[in-house]
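Please open the model in your viewer and keep the sequence beside it, since this tour moves from one selection to the next.

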Amino acid sequence: MYESERNDLVEKLKKRGISDEKVLHSISEVERDKFVPDALKMHAYKDIALPIGYGQTISQPYTVAYMTQVLRLNEGDKVLEIGTGSGYQAALLENMGMKVYSIERQFDIYIKTQKLFDQLGIRVHTKYGDGTIGWDEYAPYHGIIVTAGSPSVPVSLKKQLTAGGRLVIPVGDKKSQILKIIRKVSEDEFEVKDIPEFAFVPLIGREGWNR
């Protein structure tokens, strides 16, 4: 079901500059309609963000694809996702062959998405808690993807990157952010690239927004 819509979405993403074949293949396989509320399933393959309840959203497919592409991951890499949400981003990464660890701070969403992963047979390590401090137990990570906007880059997340690893995080105010692509060169040296004009829900936590 929705196979032609998924293929149409892939073609749209190609035209917008998504070129990583692994990312495009994963988007063609993972059923985004499974990760949106029933009332919005007919909109699942439009290139738009959709509400999932509790003031949260499932990100626009282009944003998901772009953030995944810039991480430059290889099969078997360990990835930390901050903000599990509906689970779509984690499902794409798992489909690409990554070892995925994901943290969600909204308990009801965490429980609902954990059940969905179980139903779909998606193997993602999930945790309920403050994503701004990361998940030190399984660090270091080849990639860290933050799906909410932060006032600054959490120091804890930079520490949990492996050398050569990348952190992609929206940073700015609560209305709009710059997407920062941060590559860890050494323990105290980082390369940063800024991509303007993204909009995410706020990142809440000790090293993010208070509320």
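Is the crossing of α2 and α4 left-handed or right-handed? To judge this in the viewer, show α2 and α4 as ribbons and look along the line that joins them: in this predicted model, their crossing is right-handed. The two helices pack at an angle of about 120°, and their axes lie 9 Å apart. Next, display the side chains where they touch, selecting Ser26, Ile27 and Glu29 in α2, which meet Tyr88, Leu92 and Asn95 in α4. By class, the residues of this contact of α2 with α4 divide into three nonpolar, two polar and one charged.

Keep α2 (residues 21-29) on screen and add helix α1 (residues 3-15), which packs against α2 at an angle of about 155°, with 8 Å between the axes. That angle makes α1 roughly antiparallel to α2, because angles over 145 degrees are counted in that way. The crossing of α1 and α2 is right-handed. On the α1 side, select Arg6, Asn7, Leu9, Val10, Leu13 and Lys14, and on the α2 side Leu24, Ile27, Ser28 and Glu29, since the contact is made by these residues. Sorted by class, the residues of the contact of α1 with α2 comprise five nonpolar, two polar and three charged. Ile27 and Glu29 deserve a second look here, as they take part in the contact with α1 and also in the meeting with α4.

Now turn to the enclosed space. The count comes to one cavity of 30 Å³ or more, and the largest cavity has a volume of about 320 Å³. To find its centre, select Gln56, Gly83, Gly85, Glu104 and Thr147, which are the closest to that point of the 24 residues in the lining. Colouring by element then helps: β2 (56-58), β3 (78-82), α4 (88-95) and β4 (99-104) each give two or more residues to the lining of this cavity, and the largest share, three residues, comes from β2. The lining of the largest cavity has ten nonpolar, eleven polar and three charged residues.

For the last stop, look for the largest pocket, whose volume is about 270 Å³. Select Lys34, Phe35, Val36, Lys112 and Leu116, which lie closest to the centre of the pocket among the 15 residues that line it. Then highlight helix α5 (residues 107-120), from which the largest share of the pocket lining comes, namely six residues. By class, the lining of the largest pocket has seven nonpolar, three polar and five charged residues.

Methods: Residues are numbered from 1 along each chain as its sequence is written. This is a predicted model: local features need pLDDT of at least 70, side-chain atom pairs count only at pLDDT 80 or more; totals for chains, interfaces and linings use all residues. Side-chain values use heavy atoms; hydrogens and water are left out. Axes are lines fitted to C-alpha atoms, for helices over the stretch in contact, and angles run from 0 to 180 degrees between N-to-C directions. Helices (H or I, at least four residues) and strands (E, at least two) are DSSP runs, numbered from the N terminus. Angles under 35 degrees count as roughly parallel, over 145 as roughly antiparallel, 65 to 115 as roughly perpendicular and the rest as oblique. A crossing is left-handed if the near helix is turned anticlockwise from the far one by less than a right angle, and right-handed if clockwise. Contact means heavy atoms within 4.5 Å. Ala, Val, Leu, Ile, Met, Phe, Trp, Tyr, Cys and Pro count as nonpolar, Asp, Glu, Lys and Arg as charged, and the others, Gly among them, as polar. On a 1 Å grid over the protein atoms alone, a cavity is a set of points where a 1.4 Å probe fits but cannot get out, and a pocket is an open set with protein on both sides within 12 Å along at least five of seven lines; lining residues have an atom within 4 Å of a point. Grid points are joined across faces, edges and corners, and a volume is the space filled by probe spheres set on the points.
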